[in-house]
Amino acid sequence: LEMWEMHQHRELDWVETQAVRSPVSADVLTSWYIERAMEIEKYSGQIDNALGLIKLGMDRGVKGLDVVHHQIQTLRTLVYQCNVDSRLSLTRLQNMSTLGTLQIMMK
């Protein structure tokens with residue numbers, strides 16, 4: 001039996017590196033959901049999966065996900081309904097002004 005050579009494409013996060021036995025702070029949990037959703041969108045472009053993760057966190061009572069939920073929902077609308085360039089990323093959208101976002105929607 002031969003083992004496959006494995007390469008890590010990202011650093012392990014706290015869930016993967018330590019046993020989670022004690023309660024995690026709300027801030028750590030919120031940050032984890034946001035960072036993971038952003039990684040999903042950044043590395044795979046799967047907007048719906050990133051949005052689904054944020055919705056899951058919100059359904060489970062994680063606070064502080066409203067803004068990123070709105071941003072990912074806006075990205076989803078721009079890409080899938082307004083037919084904006086599918087290369088528009090969440091990071092780029094976050095760096096745009098509200099006026100810039102509206103201008104893209106109006107094209």
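Is R76 buried, partly exposed or exposed? Select R76 and colour by accessibility: at 25% relative accessibility, R76 counts as partly exposed. (The bands are under 20% relative accessible area for buried, over 50% for exposed and partly exposed in between, with a 1.4 Å probe and protein chains only.)

Before going on, a word about the model. This is a predicted model, numbered from 1 along each chain as its sequence is written; local features need pLDDT of at least 70, side-chain atom pairs count only at pLDDT 80 or more, and totals for chains, interfaces and linings use all residues. Side-chain values use heavy atoms, with hydrogens and water left out.

**Stop 1: the whole chain**

Zoom out and switch to cartoon. You should see 6 helices and 0 strands, running α-α-α-α-α-α from the N terminus on. (Both kinds of element are DSSP runs numbered from the N terminus: helices are H or I with at least four residues, strands are E with at least two.) Turn the model along its principal axes and the C-alpha atoms fill a box of roughly 55 × 40 × 20 Å. The radius of gyration is 17 Å, whereas a compact globule of 107 residues would have one near 13 Å. (That radius is taken over C-alpha atoms, and the globule rule is 2.2 Å times the number of residues to the power 0.38.)

Buried residues make up 28% of the 107. If you draw contacts (heavy atoms within 4.5 Å) between residues at least 6 apart in sequence, 38% of them join residues at least 24 apart.

**Stop 2: the salt bridges**

Back to R76, and add D48. Their side chains meet in a salt bridge, 2.5 Å from N to O. (The rule is a side-chain nitrogen of Lys or Arg within 4 Å of a carboxyl oxygen of Asp or Glu.) D48 sits in helix α3 (residues 47-59) and R76 in helix α4 (residues 66-81), so the pair ties together parts that are 28 residues apart in sequence. D48 is partly exposed too, at 37% relative accessibility.

How many salt bridges does a search of the whole structure find? The count is 3. For another of them, select R36 and E39, whose side chains meet at 3.1 Å, N to O. These two are 3 residues apart in helix α2 (residues 26-44), which means that about one helical turn separates them. R36 counts as buried at 16% relative accessibility, while E39 is partly exposed with 29%.

Then pick D85 and R87, where the closest N and O atoms are 2.9 Å apart. D85 is partly exposed at 36%, and R87 is exposed at 69%.

**Stop 3: N83**

Slide along to N83, in the loop between α4 and α5. Check the backbone here: phi is near 55°, a positive value in a residue other than glycine. Most residues other than glycine have a negative phi. N83 is exposed, with a relative accessible area of 63%.

**Stop 4: two buried side chains**

Select V68 in helix α4. At 4% relative accessibility, V68 counts as buried. Which residues does V68 touch, not counting those up to four places away in sequence? They are I34, I54 and Q94. For a sense of scale, put a distance label between the C-alpha atoms of V68 and V24: they are 21 Å apart in space and 44 residues apart in sequence.

Next, go to I104 in helix α6 (residues 98-106). I104 is buried as well, at 13% relative accessibility. Leaving out residues up to four places away in sequence, I104 touches L78, V84 and M96. The C-alpha atoms of I104 and L78 are separated by 7.9 Å, although their positions lie 26 residues apart along the chain.**Stop 5: the largest pocket**

Finally, show V67, H70, Q71, T74, L93, Q94, M96, S97, T98, T101, L102 and M105 as sticks; they line the largest pocket. The elements that give two or more residues to this lining are α4, α5 (90-95) and α6. (On a 1 Å grid over the protein atoms alone, a pocket is an open set of points where a 1.4 Å probe fits, with protein on both sides within 12 Å along at least five of seven lines; lining residues have an atom within 4 Å of a point.)

The volume of the largest pocket is about 230 Å³. (Grid points are joined across faces, edges and corners, and the volume is the space filled by probe spheres set on them.) Colour the sticks by class and you get 5 nonpolar, 7 polar and no charged residues. (Ala, Val, Leu, Ile, Met, Phe, Trp, Tyr, Cys and Pro count as nonpolar, Asp, Glu, Lys and Arg as charged, and the others, Gly among them, as polar.)
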